Amino acid sequence: MSARPENADGADAADNANNADHVRTAPAAGPMLAVRSVRKTFGGVQALADVSIEVPRGTVYGVIGPNGAGKTTLFNVITGFVAPDHGDCLLEGVRLTGEPVHRVVELGVARTFQNIRLFHQMSALENVMVGMHSRSRAGVVGAVFRTPGARAEEARIEGRAHALLEQVGVAAHADQPAGSLPYGLQRRLEIARALACAPRLLALDEPAAGMNAAETASLRELIVSIRNSGTTVLLIEHDVRLVMGLCDRIAVLDYGRLIAEGPPALVKCDPAVIEAYLGTPVAGSPAAGPAP
Amino acid sequence: MLKQAQRLIGQPGRNPLARSVLVVLGIAALLLAPFLVDALLGRAWVRVLDLVLLYTMLALGLNIVVGYAGLLDLGYVAFFAVGAYLYALCASPHFGLHLPFWLLLPAAALVAGLFGVLLGAPTLKLRGDYLAIVTLGFGEIIRIFLNNLNAPFNLTNGPQGITLIRPIEIAGVSMAKTQTIGPLSFPSLYNYYYLFLALTLLIILISARLQHSRVGRAWAAIREDELAAKASGVNTHNLKLLAFAMGASFGGIAGSLYASFQGFVSPESFGLTESIMILCMVVLGGMGHIRGVILGAAILVALPEALRYIGPLQRWLFGQIHVEPSDLRLLLFGLALVLVMRLRPAGLWPSPIRRRELGRPGAAEPPG
């Protein structure tokens with residue numbers, strides 16, 4: 001794990017956390033993603049209460065927390081699916097909040113879903129090709145007249161989609177309907193589709209859910225390779241072992257509040273985290289036991 | 001490119017010589033169809049042939065909305081009506097206008113497309129049943145407008161409709177008159193057949209190219225999972241509007257052809273049953289599959305005509321007519337629909353990938 005250098009960056013980012021306005025004036029030096037005091041209530045339930053996090057560029061950033069802690073709501077706020085009651089999100093200083101979902105994708109945030117959402121009747125290749133929609137232009141005229149520009153673009157889309165399928169290891173199933181792929185491959189295909197959006201921030205919502213140990217291990221390699229290729233990864237995950245071993249920094253949510261934030265080694269010793277997960281401080285040791 | 005051409009013309013992988021022979025035979029059959037049908041079945045069936053082409057255009061237009069983008073539209077006939085009335089108003093004594101066909105055809109496509117956007121805009125956030133209800137209302141509103149816009153200003157001539165619509169004239173050649181070229185004579189129904197055929201082929205080409213393009217993929221994505229399509233960067237609002245507009249413009253083209261073909265339009269030709277009928281063509285044939293939709297249109301136009309023969313058949317079998325053919329027609333028609341949807345839920349000729357999803361074991365796709 002090459003986590004050390006990013007941790008140094010992360011410390012810088014943490015220093016900036018309290019004056020996030022600074023981010024807008026100097027985007028190049030700021031974090032990849034800044035979430036600024038986001039608040040969201042559903043009915044009487046406070047899903048998010050003034051959550052602020054900063055995701056340093058080039059890291060894998062984990063968001064963990066017990067069920068109902070507000071992780072997915074935070075995800076939906078960042079990706080534009082849910083409008084926050086208060087606060088906003090900035091991607092390299094550009095405001096994401098208030099933009100429609102497809103604009104957020106254009107600006108550089110792509111996501112996957114907790115319960116996989118593929119286009120089941122389309123082939124694996126076509127699924128990834130759809131992901132390139134925001135990075136291509138051809139319209140009706142190009143399609144109907146098969147203009148040279150449109151054809152070249154189509155070839156580029158197909159070539160890139162093949163390369164992405166290769167990268168996630170689904171290339172052998174390119175022509176199969178996505179719905180017929182085994183579960184683990186569907187997860188990977190969804191990641192390929194998100195990567196096709198050429199994101200600067202890739203948001204993965206519980207990518208290891210339902211995977212066996214071997215699948216999780218290879219997923220972990222994939223996420224590391226994505227980060228190493230320069231894409232910042234935001235990860236919601238239940239698999240604490242995976243998160244601890246993989247993430248450069250972690251935010252812990254409980255009842256919509258941010259209860260801890262920092263490098264995994266610090267976070268897992270945090271008494272508030274142990275209490276949130278296990279309820280009693282006594283039983284804390286076995287869960288936090290396996291060190292990365 | 002080649003793959004798509006093959007998909008259009010026939011099964012891939014067949015030997016090229018056999019395929020080109022098939023293509024030549026197909027073209028010959030299309031060109032000779034009115035002569036053959038006239039000789040074998042009679043002039044009335046040439047008219048049926050024309051209507052098959054007309055409804056093929058309509059069904060392919062609705063196929064864009066329903067089959068490609070997955071938006072259930074129960075008011076599609078409204079666009080057919082818009083195209084028909086546009087032509088009727090601009091090429092009849094009603095206003096004394098006689099605008100040329102080459103101007104009216106694109107105008108009909110454009111105006112119907114605008115109406116498509118008009119319908120699409122308020123329904124962007126609706127799905128499934130709710131969308132169906134709004135589109136149904138839209139279709140009825142257009143029909144009722146046409147029915148009532150004869151006062152205070154007589155725009156549409158109300159329920160009487162518009163008569164004496166000028167037949168299409170291309171380069172001085174009137175479609176309504178019998179034309180003679182050498183030993184061959186082309187009655188009006190033949191002329192319309194060739195005109196409709198040309199435009200149908202054009203619409204098939206546009207449909208096929210759209211389907212296998214960036215736009216077509218985005219439509220399919222919306223159909224499969226709108227939320228995931230958004231998350232993949234698809235501007236679902238614009239693409240849904242585009243689907244409505246494209247589908248509507250095909251309907252407008254078919255409408256303008258219909259007005260000139262019939263020489264008469266009235267609101268009652270554009271009722272809900274007409275919308276349902278076009279939807280049946282798409283669903284029965286195979287949603288989203290061009291060849292299936294064409295088959296659906298052909299069957300649903302030809303079947304009611306074929307069922308007229310029940311009367312003579314009874315007389316021939318039993319010596320007298322036991323059941324009035326007109327009583328039986330709708331019954332058998334409905335029965336045929338129920339049976340098809342029961343036995344082939346994905347349509348008579350579904351696209352391969354859909355067949356895999358919905359098909360029963362009997363209809364399984366060969367491996368590969």
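## A walk through chains B and A

Start in chain B and select helix H3(B) together with helix H11(B): B:Tyr55, B:Leu58, B:Ala59, B:Leu62, B:Asn63, B:Val66 and B:Gly67 of H3(B) meet B:Ile278, B:Leu279, B:Met281 and B:Val282 of H11(B). Sorted by class, this contact holds nine nonpolar and two polar residues, with no charged ones. Please keep in mind throughout that you are looking at a predicted model.

Stay with this pair for a moment and show the axes. H3(B) spans residues 43–68, and its axis comes within 9 Å of the axis of H11(B), crossing at roughly 75 degrees. An angle from 65 to 115 degrees counts as roughly perpendicular, and H3(B) and H11(B) are therefore roughly perpendicular to each other.

**Next stop: H11(B) and H12(B)**

Keep H11(B), residues 272–285, and add H12(B), residues 290–306. How do the axes of these helices cross? They come within 7 Å, at roughly 130 degrees, and the two helices are therefore oblique to each other. The crossing is right-handed.

Now colour the residues where they meet. On H11(B), select B:Met277, B:Cys280, B:Met281, B:Val282, B:Leu284 and B:Gly285. On H12(B), their counterparts are B:Gly292, B:Val293, B:Ile294, B:Leu295, B:Gly296, B:Ala297, B:Ile299 and B:Leu300. This contact has 11 nonpolar residues, three polar residues and no charged ones. B:Met281 and B:Val282 are worth labelling, since they appear in the contact with H12(B) and also in the contact with H3(B).

**A single residue: B:Leu328**

Move on to helix H14(B), residues 325–343, and pick out B:Leu328. Is B:Leu328 buried or partly exposed? It is partly exposed, because 16 other C-beta atoms lie within 10 Å, and a residue needs 20 or more to count as buried. Beyond its neighbours within four places in sequence, B:Leu328 is in contact with B:Leu307, B:Ile310 and B:Val323. For a sense of scale, draw a distance from B:Leu328 to B:Ser256: their C-alpha atoms are separated by 33 Å, and the two residues are 72 apart along the chain.

**Where chain B touches chain A**

Show both chains. Here 25 residues of chain B are in contact with 28 residues of chain A. Four helices of chain B each supply at least two residues to its side of this contact: H7 (188–211), H8 (214–224), H9 (226–231) and H15 (352–358). Which helix should you select to see the largest share? Choose H8(B), which contributes seven residues. By class, the chain B side divides into 12 nonpolar, four polar and nine charged residues.

**Across to chain A**

Hide chain B and take in chain A as a whole. Its secondary structure comes to 13 helices and 10 strands, and 47% of its 292 residues are buried. Among the contacts in chain A with a separation of 6 or more, 67% join residues 24 or more positions apart.

Now select the open sheet of six strands, whose order is E6-E7-E8-E3-E9-E10, with mixed pairing. At its edges are E6(A), residues 109–111, and E10(A), residues 257–262, each pairing on one side only. From one strand to the next, the twist averages 20 degrees.

Add helix H9(A), residues 213–228, which packs on the sheet and touches E3(A), E7(A) and E8(A). The direction of H9(A) makes about 145 degrees with that of E8(A). Then add helix H12(A), residues 271–278, lying across E9(A) and E10(A) and running at about 125 degrees to E10(A).

**Final close-up: E9(A)**

Zoom in on strand E9(A), which is mostly covered: five of its six residues are buried. How does E9(A) pair with E3(A)? The pairing is parallel, over four bridges; there, A:Ile64 stands opposite A:Val252 of E9(A).

Turn to the pairing with E10(A), which is antiparallel over five bridges. Here A:Leu253 stands opposite A:Leu258 in E10(A), while A:Asp254 has A:Arg257 as its bridge partner. End your tour at the hairpin of E9(A) and E10(A), with two residues between the strands, where A:Tyr255 takes a positive phi near 50 degrees.

Terms used:
Residues numbered from 1 in each chain as written. Chains lettered and ligands numbered in written order. Predicted model: local features only at pLDDT ≥ 70, side-chain atom pairs only at ≥ 80, totals over all residues. Contact = placed C-beta atoms within 7 Å. Nonpolar A, V, L, I, M, F, W, Y, C, P; charged D, E, K, R; others polar. Axes fitted to C-alpha atoms, helices over the stretch in contact; angles between N-to-C directions. Parallel < 35°, antiparallel > 145°, perpendicular 65-115°, else oblique. Left-handed = near helix turned anticlockwise from the far one by under 90°. Pairing = 2+ DSSP bridges. Buried ≥ 20, exposed ≤ 12 C-beta atoms within 10 Å, placed from the backbone.
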